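Dear colleague,

I am passing on the structure we spoke about, and below it you will find my notes on what was found in it. Please read them with the structure open beside you.

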Amino acid sequence: KVISRIRMERPFRVENLRMESSKYTILVVDDEELIRNLVVTFLSKLGHSCLTAIDGVDALDKMKENKIDVVITDIKMPNMDGITLTSEISIQYPGLPIMVMTAFDEEYSAGIAISAGAREFIKKPFSLEEFAIRLHKMINDSETLRRLKGEKNVDEDVRDLMKELEAALTKN
């Protein structure tokens with residue numbers, strides 16, 4: 001039953017889905033051990049290192065102790081669900097990319113997950129190919145936003161330096 005939530009629609013080559021850039025540390029949060037292990041095994045084959053957590057409380061503890069690049073979380077979990085976890089991560093670690101996965105379509109929607117701070121939403125069952133494509137798009141988008149923000153800060157620094165230089169030159 002659980003295995004059917006992640007499916008292979010057609011054969012594909014894992015090598016084609018590996019990211020060209022560096023590997024990432026991904027926190028996989030799911031109370032179902034089998035799902036956690038399947039996702040971790042797949043992510044490891046894509047070249048990423050993984051940590052796991054059984055619920056939102058465990059995830060936040062792991063995040064305090066480790067540098068995490070990406071979070072993939074289930075929604076329905078005991079103690080702290082994925083929506084609450086996503087909101088907490090968005091506050092404590094702004095800009096960290098989060099993918100929410102769920103089998104519960106009626107109760108939770110992509111809109112709720114996105115409004116809580118998730119960048120991606122995927123419904124179980126999903127193909128591993130779709131999962132990899134969404135994950136890599138989310139990571140690439142996050143890196144682009146970070147780079148653009150960094151360039152904006154550099155531009156502001158250059159403008160400030162130019163103003164200082166102009167002020168110094170007009171004094172002489």
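**Helices α3 and α4**

Helix α3 passes α4 in a right-handed crossing. This, like everything that follows, is read from a predicted model. Helix α3, which spans residues 56-65, packs with α4 at an angle of about 20 degrees, and the axes of the two helices lie 10 Å apart. Since angles under 35 degrees count as roughly parallel, α3 is therefore described as roughly parallel to α4. On the α3 side the residues that take part are Gly 56, Ala 59, Leu 60 and Met 63, and in α4 they meet Leu 85, Glu 88, Ile 89 and Gln 92. Sorted by class, the contact of α3 with α4 comprises 5 nonpolar, 2 polar and 1 charged residues.

**The protein as a whole**

To place this pair of helices, it may help to step back to the overall arrangement. The protein has 6 helices and 7 strands, and along the sequence these follow the pattern β-α-β-α-β-α-β-α-β-α-β-β-α. Of the 172 residues in the protein, 39% are buried. Among contacts between residues at least 6 apart in sequence, 69% join residues that are at least 24 apart.

**The sheet**

An open sheet is formed by 5 strands in the order β3-β2-β4-β5-β6, and the pairing is parallel. Strands β3 (49-53) and β6 (120-123) stand at the edges and have a single partner strand each, so one side of each is left without a neighbour in the sheet. From one strand to the next, the twist averages 20 degrees.

Within the sheet, β4 (residues 70-74) is joined to β5 (residues 98-102) by 4 bridges, the two strands running parallel. Following the individual pairs, Val 71 of β4 stands opposite Ile 98 in β5, the bridge partner of Ile 72 in β5 is Met 99, and that of Asp 74 in β5 is Met 101. On the β2 side, 4 bridges join β2 to β4, again with the strands running parallel, and here Val 28 has Ile 72 of β4 as its bridge partner. Ile 72 is thus bridged to Val 28 as well as to Met 99 in β5.

**What covers the strands**

Two helices that pack on the sheet deserve a look at this point. Helix α2 (residues 33-45) touches β2 (25-29), β3, β4 and β5, and its direction makes about 170 degrees with that of β3. Helix α4 (residues 82-92), already met above as the partner of α3, touches β2, β4 and β5, and its direction makes about 160 degrees with that of β4.

In a regular strand the side chains alternate between the two faces of the sheet. How many residues of β4 are buried? Strand β4 is mostly covered, with 5 of its 5 residues buried: Val 70, Ile 72 and Asp 74 point one way, while Val 71 and Thr 73 point the other way, and all are buried. Strand β5 is likewise mostly covered, as 5 of its 5 residues are buried. Both faces of β5 are covered, with Ile 98, Val 100 and Thr 102 buried on one side and Met 99 and Met 101 buried on the other.

With best wishes

Methods
Residues numbered from 1 in each chain as written. Predicted model: local features only at pLDDT ≥ 70, side-chain atom pairs only at ≥ 80, totals over all residues. Heavy atoms only, no water. Pairing = 2+ DSSP bridges. Axes fitted to C-alpha atoms, helices over the stretch in contact; angles between N-to-C directions. Contact = heavy atoms within 4.5 Å. Parallel < 35°, antiparallel > 145°, perpendicular 65-115°, else oblique. Left-handed = near helix turned anticlockwise from the far one by under 90°. Nonpolar A, V, L, I, M, F, W, Y, C, P; charged D, E, K, R; others polar. Buried < 20%, exposed > 50% of the residue type's maximum accessible area, 1.4 Å probe, protein only.
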